[in-house]
Structure formats: structure tokens, C-alpha cells
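Q: I'm new to this one and would like to start small. Please pick out one spot, look at it closely, and then show me what lies around it.

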Amino acid sequence: MTLSLHSEFSAPDRVVVQVGGRLDAMTFGELDEAMLALLPRLADGGTVVIDLAHLEYVSSAGLRSFAKIRKNMRTRGGHTLLLNPQPQVRKVFDIVKAVPVNEVFASTQELDAYLDRMQRQITEGDDSDI
């Protein structure tokens, strides 16, 4: 199976990237190239939401791609959030501790609740938990 990618800017500071198929040594370059083109279009301090609902497999090469995205976003004051990982992909993240647990969401509703809390904290002047 190959890798499938689709991206959509839901706002100037938020892009949703849907990743499907297999993210491994043969396909990680496709994600890296796509993100290299996408990230400069995202406002500093923005959020990349990576929807993993259709990702069936991730290898260490794929984990490195996610780490690069997170590093890039952190240097720009932004966030990287993972959404809808299938159980086997979630297990990989759990085993290698590749992504902090508070950046992985089981559903869109859970993600939206987090984003709502985060924005409310900022508007109320308390961004210590972000």
C-alpha cells in the first residue's frame, strides 16, 4: 500500500493534513516534501493537525517525519497535534514515547475541546499549560 496525503487550511493559522496508508522507509519522503511545501504557508504560532484515521502503519522513518514537523512548529511558536490514530499506530507512539500524550486525540470532538480550552486560556491571560 502507498501513502496518501490531503491537506486543507481551515484558517490561516491551522492546517489539517490527512495521512493514509503506510508511512515507512519507502514513503516518508513524500510526507517530508509535502510538509516542506505546506509549513511556510502556515502563520507563525499556528497549528498543524495530522489526521491519522487512515494511517495503517508507521515505521521509525515515519516517526522521524513527525518529529521533524513538531520541531519545525515549535521553533515557530506553533503546535503539532495528532488526531484519530488507529490502535496499532497509537501503540507505536505509546511504546516509543515519540509524541507527548497530550498531543494525540482520539476524535475531532476531543481535539476541538482541547483547542477551545487552549484559546480560552490565552484570552483569559493564562497560557502556562500550553
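A: Pro 12 is exposed, with a relative accessible area of 65% (exposed means over 50%, buried under 20%, and partly exposed in between, using a 1.4 Å probe and protein chains only). Keep in mind that this is a predicted model, where local features need pLDDT of at least 70 and side-chain atom pairs count only at pLDDT 80 or more, while totals for chains, interfaces and linings use all residues. Residues are numbered from 1 along each chain as its sequence is written, and side-chain values use heavy atoms, leaving out hydrogens and water.

Pro 12 sits in the loop between E1 and E2 (strands, E, of at least two residues and helices, H or I, of at least four are DSSP runs, numbered from the N terminus). Setting aside neighbours within four places in sequence, Pro 12 is in contact with Arg 41, Leu 42 and Ala 43, contact being heavy atoms within 4.5 Å. Leu 42 is 30 residues away along the chain, yet the two C-alpha atoms are separated by 6.2 Å.

Follow Leu 42 inward, and you'll find it among the contacts of Val 48, along with Val 15, Val 17 and Met 35. Val 48, Leu 52 and Phe 66 touch the most other members of the largest nonpolar core, which has 23 residues. Such a core is a set of buried Ala, Val, Leu, Ile, Met, Phe, Trp, Tyr and Cys residues joined through side-chain atoms within 4.5 Å. Strand E2 (14–23), helix H1 (28–38), strand E3 (47–58), helix H2 (60–75) and helix H3 (87–96) each give two or more residues to this core, and E3 has the largest share, with 5. There's also a second, separate core of 6 residues, including Val 49 and Phe 105. As a rule, nonpolar side chains in soluble globular proteins tend to be buried together.

Now back to Met 35, one of the buried residues of H1, alongside Leu 31, Asp 32 and Leu 38. Those buried residues line one face of the helix, because seen down its axis they fall within an arc of 130° (taken from the directions from the helix axis to the C-beta atoms). Their cover includes strand E1 (3–11), E2, E3 and H2. Flip to the other side of H1, and Glu 33, Leu 36 and Ala 37 are exposed.
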